[in-house]
Amino acid sequence: MGCRDTFYTLIVTFSVALITYNILISANAPLKQELPGPSTSSSEFDPLIKMMPRGSNSKKRLFHTAVTASDSVYNTWQCRIMYYWFKQHKNGPNSDMGGFTRILHSGKPDKYMDEIPTFIAQPLPAGTDQGYIVLNRPWAFVQWLQKADIEEDYILMAEPDHIIVKPIPNLSKAGHGAAFPFFYIEPKKYESVLRKYFPVNKGPITNINPIGNSPVIIAKDSLKKIAPTWMNISLAMKKDPETDKAFGWVLEMYAYAVSSALHGVDNTLRKDFMIQPPWDTEVGDKFIIHFTYGCDYDLKGKLTYGKVGEWRFDKRSFTTTAPPRNLPLPPPGVPQSVVTLVKMVNEATSNIPNWGS
């Protein structure tokens, strides 16, 4: 009987020791880079990010959202709406949204400093932009990247007229940015002009992506290298009559695309990054509504682009005063994207304190 008890005691002791060992080994085992089954390396689904539970000690690829703006009424009301929707989606499912900064290139504080996290950048010297205020954007980014304490390793460059419609994950891939492709950025069409800034020894003109600087998600270290080049090329392009005439209001976008290519930063082109009403009629699975174009319709819901409609929403109608609360909704037949846009503007203005002040 004594031998049997001793035998059982040894078995129990050994079993406890084995279980304890397995627990310790499991607790210290590294995370697997892929889920079991077929490889997902070529897919846009990244299990390490998408499947990460909240509260994990694993490092998320957070990005900091940065928006450049002047202190005009026109830019300010757009920024207030943009920041409202950023806050609504920041902590949503699959979000990699970190901090937010309005880079205010007026050179002085305004009364919205307590409402929107803001960095004060100095404008270009008087006359430098030649009336093209967008030239202040790359210069503002240079200052912010040099002086601000940015915790995140990635940056989303956005604009005041962007409304975030759902949480945004980090869409960039290793060594690549993520950018929206614009149909009107055509490097091949303007190769003779662009070769002034992107010489033949830098590679084929197709190395220049059909993008602007926004929306773009990019590694912070890469943007720190690109930004000064972007600023200098923007200024050089504006000073050159041929380039200025060729590119017009999208000159600074071409300058960013060229600068990105010069630094060897390629971009994954993401058509799902945003929509642009009225041309895009459904929000679908997109992340941003860009309300740069006017939306004009008759009362039957027919688009009257180029002619002021019986119903309209155009940001340019509100250059000196913010839009009122409770804008009238579009008539029946107007696309879902436009209806969603107006509803989101109305929700934001209804909830932002002291709207219109």
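Both faces of strand β1 are covered in this predicted model. On one side sit F63, T65, V67 and A69, and on the other H64, A66 and T68, and every one of these is buried. That fits a simple rule: in a regular strand, side chains alternate between the two faces of the sheet. Since 7 of the 7 residues of β1 (residues 63-69) are buried, the strand is largely enclosed by the rest of the structure.

What does β1 pair with? Its partner is strand β2 (residues 97-104), and the two run parallel, joined by 6 bridges. To spot one of these contacts in the viewer, look for T68, whose bridge partner in β2 is I103.

Now for another sheet. Three strands, in the order β5-β10-β9, make an open sheet with mixed pairing. Its edges are β5 (162-164) and β9 (274-275), each of which pairs on one side only. Between β5 and β10 (residues 288-290) the pairing is antiparallel, over 3 bridges. Here I163 stands opposite I289 in β10.

Next up is helix α6, which covers residues 220-239. Its 20 residues reach 29 Å from the first C-alpha to the last, close to the 28 Å expected at 1.5 Å a residue. Still, α6 isn't perfectly straight: there's a bend of about 30 degrees at I226, and a proline, P228, follows within four residues. Plenty of α6 is tucked away, with buried residues including L223, I226, W230, I233 and M237. What do the buried residues of α6 pack against? Their neighbours are the helices α4 (136-147), α5 (191-194), α7 (241-247) and α8 (251-262), plus the strands β4 (154-158) and β7 (216-219).

Let's zoom in on M231, which belongs to α6. Is M231 buried or exposed? Its relative accessibility is 15%, and buried means under 20%, so M231 counts as buried. Leaving aside residues up to four places away in sequence, M231 touches P138, W139 and V142. The C-alpha atoms of M231 and N136 are 8.5 Å apart, though 95 residues separate the two along the chain.

Time for some rings. A pair of aromatic rings is described by the distance of the centres and the angle of the planes. The structure holds 20 aromatic pairs, and here are two of them:

| Pair | Centre to centre | Angle between planes | Arrangement |
|---|---|---|---|
| F183 and Y184 | 5.1 Å | 80 degrees | edge-to-face |
| Y297 and W311 | 6.3 Å | 45 degrees | tilted |

Why is the pair of F183 and Y184 edge-to-face? Its planes are at 80 degrees, and anything over 60 counts as edge-to-face. These two residues sit in contrasting surroundings: F183 is exposed, with a relative accessible area of 66%, whereas Y184 is buried at 17%. F183 and Y184 also belong to one aromatic cluster together with F180, F182 and W249.

As for the tilted pair, Y297 and W311 are both buried. Y297 lies in strand β11 (residues 295-297) and W311 in strand β12 (residues 311-313), so the pair ties together parts that are 14 residues apart in sequence.

Finally, look at what lies over some ring faces. R61 lies over the face of Y154, at 5.2 Å from the ring centre. K166 takes up a place over the face of F287, at 4.6 Å from the ring centre.

Conventions
Residues are numbered from 1 along each chain as its sequence is written. This is a predicted model: local features need pLDDT of at least 70, side-chain atom pairs count only at pLDDT 80 or more; totals for chains, interfaces and linings use all residues. Side-chain values use heavy atoms; hydrogens and water are left out. The expected span of a helix is 1.5 Å times one less than its number of residues. The bend at a residue is the angle between axes fitted to the seven residues ending there and the seven starting there. Buried means under 20% relative accessible area, exposed over 50%, partly exposed in between (1.4 Å probe, protein chains only). Contact means heavy atoms within 4.5 Å. Two strands pair if DSSP finds at least two bridges between them. Rings of Phe, Tyr and Trp (its six-membered ring) pair if their centres lie within 6.5 Å; planes under 30 degrees apart count as stacked, over 60 as edge-to-face and the rest as tilted. A charge sits over a ring if NZ of Lys or CZ of Arg is within 6 Å of the ring centre and within 35 degrees of the ring normal.
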